[in-house]
Every structure is written in structure tokens, then in C-alpha cells.
Amino acid sequence: MQHPDQKYIDALLNNDVAVLEEIYKKFSGKIKWMVLQNNGSESDAADVFQDALLSVYNKAKTNNFILTCPFDAFIYLISRNKWLNELSKRKSHKVTITDFDGYNDIGEDSFKLADECRLHEERKYLLDEKVKELSENCQQLLRLSWSGKPMDEVAKKLGLTYGYARKKKSECMAQLVALIKQSSGFKSLKW
């Protein structure tokens, strides 16, 4: 069944500038954060995101691809695999992780991909719900730090010292992890 986010695939195919800008605004921050948290730079993150979009475009162009899961989860999985491949190349000049190249085998692995997308969405939902249980200050601090902003910028924006912001972020993360682990859905989401 086609997901409503198919509009992003269509935008890539039709070079719809307005929706393409929305894609960058909405999804690139998460990829940037993932790359920065895993030994990459902002430039690496931009390259990975662009490469992932190109892979999606090429897949959609050649196979009349229909998106069956949220675009957010789909682009994240592609980007994550591309970044893992890049890290592998940098480390040993040998790629050990399968390069998905836009999921060439999407037909064969569509159930696996759909399951990964579903798990990703359920984890994201649980995370969002538990973040809402934190204090307003913790919510604001975590959301700003997750947006990819450097911690010194986050501290400045919140009127905190850098050291206090880092300490407070650790405390907020500990509270969030405890809330997630206490939830009934924690074990079923294969964390």
C-alpha cells in the first residue's frame, strides 16, 4: 500500500523545488546528527544525504518505485547504510557492509524493509511520547541538541553555561532512558 510520503518520491522525480526544499528542511537535520554522532563532519553529512536522495531518485526512475513506509525512516536507513559503508572504506579500504545503492534488491527485501520502517516509527513514537514526560527545560535542551547544533550554541540559546548545559543534557538523557526502559513497549521494539 502506498504511503502518503510518496509525494517526496514524486517530488524527486519531477524536480519539484518547493517539496525538495521541504525534504532538506525536514529530513537533513536527522542525517546530519547521525553522521556527526558517528565520526563525520557536516560536509560528510551533506554528501551522505545528497547521495541517499540520488539513490532514491535512481531507484524510483528505473523501477516505478512505490513508497510503502514513511520517507523519514526510508531515507534514514539508506543514509545510515551509506555512512557505515563510508566509515568502513575510511577505516580499512575494504567494504564489509552491503552497499544498498538505493536498495537494488528492494523487491526481495521489501518485507524486511517494511519491518525496519515499522520498528523505526514505533521507536520514534515511543521516544517522542517519553520526551513529552520530561520537564519543559529538558525537552527544549534535548530537542536543540538533537537538531545538530553545537552544544555551545545550545547553551548560549538557553542562557546556560556550556558546562551546565552538558551536565543537564546528561541528566535529561538519563531520565529519558529510564522512562523508555520502564515503558511496556520497550522490549518488543528490539532496542
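## Two pockets and their linings

User: What makes the largest share of the lining of the largest pocket?

Analyst: Helix 5 gives the most to that lining, with 9 residues. Helices are DSSP runs of H or I, at least four residues, numbered from the N terminus. This is a predicted model, where local features need pLDDT of at least 70, side-chain atom pairs need 80 or more, and totals for chains, interfaces and linings use all residues. Residues are numbered from 1 along each chain, and side-chain values use heavy atoms, without hydrogens and water.

User: Which helices each supply at least two residues of that lining?

Analyst: Helix 2 (17-36), helix 4 (71-92), helix 5 (110-131), helix 6 (136-146) and helix 8 (162-182).

User: How much space lies in the largest pocket, and which residues are closest to its centre?

Analyst: About 1,100 Å³, filled by probe spheres set on the grid points. Lys-30, Trp-33, His-120, Lys-124 and Leu-127 are closest to the centre, out of 34 lining residues. A lining residue has an atom within 4 Å of a point; a pocket is an open set on a 1 Å grid where a 1.4 Å probe fits, with protein on both sides within 12 Å along at least five of seven lines.

User: How do the lining residues of the largest pocket divide by class?

Analyst: There are 17 nonpolar, 4 polar and 13 charged residues. Asp, Glu, Lys and Arg count as charged, so Lys-30 and Lys-124 are charged lining residues.

User: What is the volume of the second largest pocket, and what lines its centre most closely?

Analyst: The volume is about 240 Å³. Of 13 lining residues, Gln-37, Ser-145, Met-151, Arg-166 and Lys-169 are closest to the centre. Helix 2 and helix 8 each give two or more residues; helix 8 has the largest share, 4 residues.
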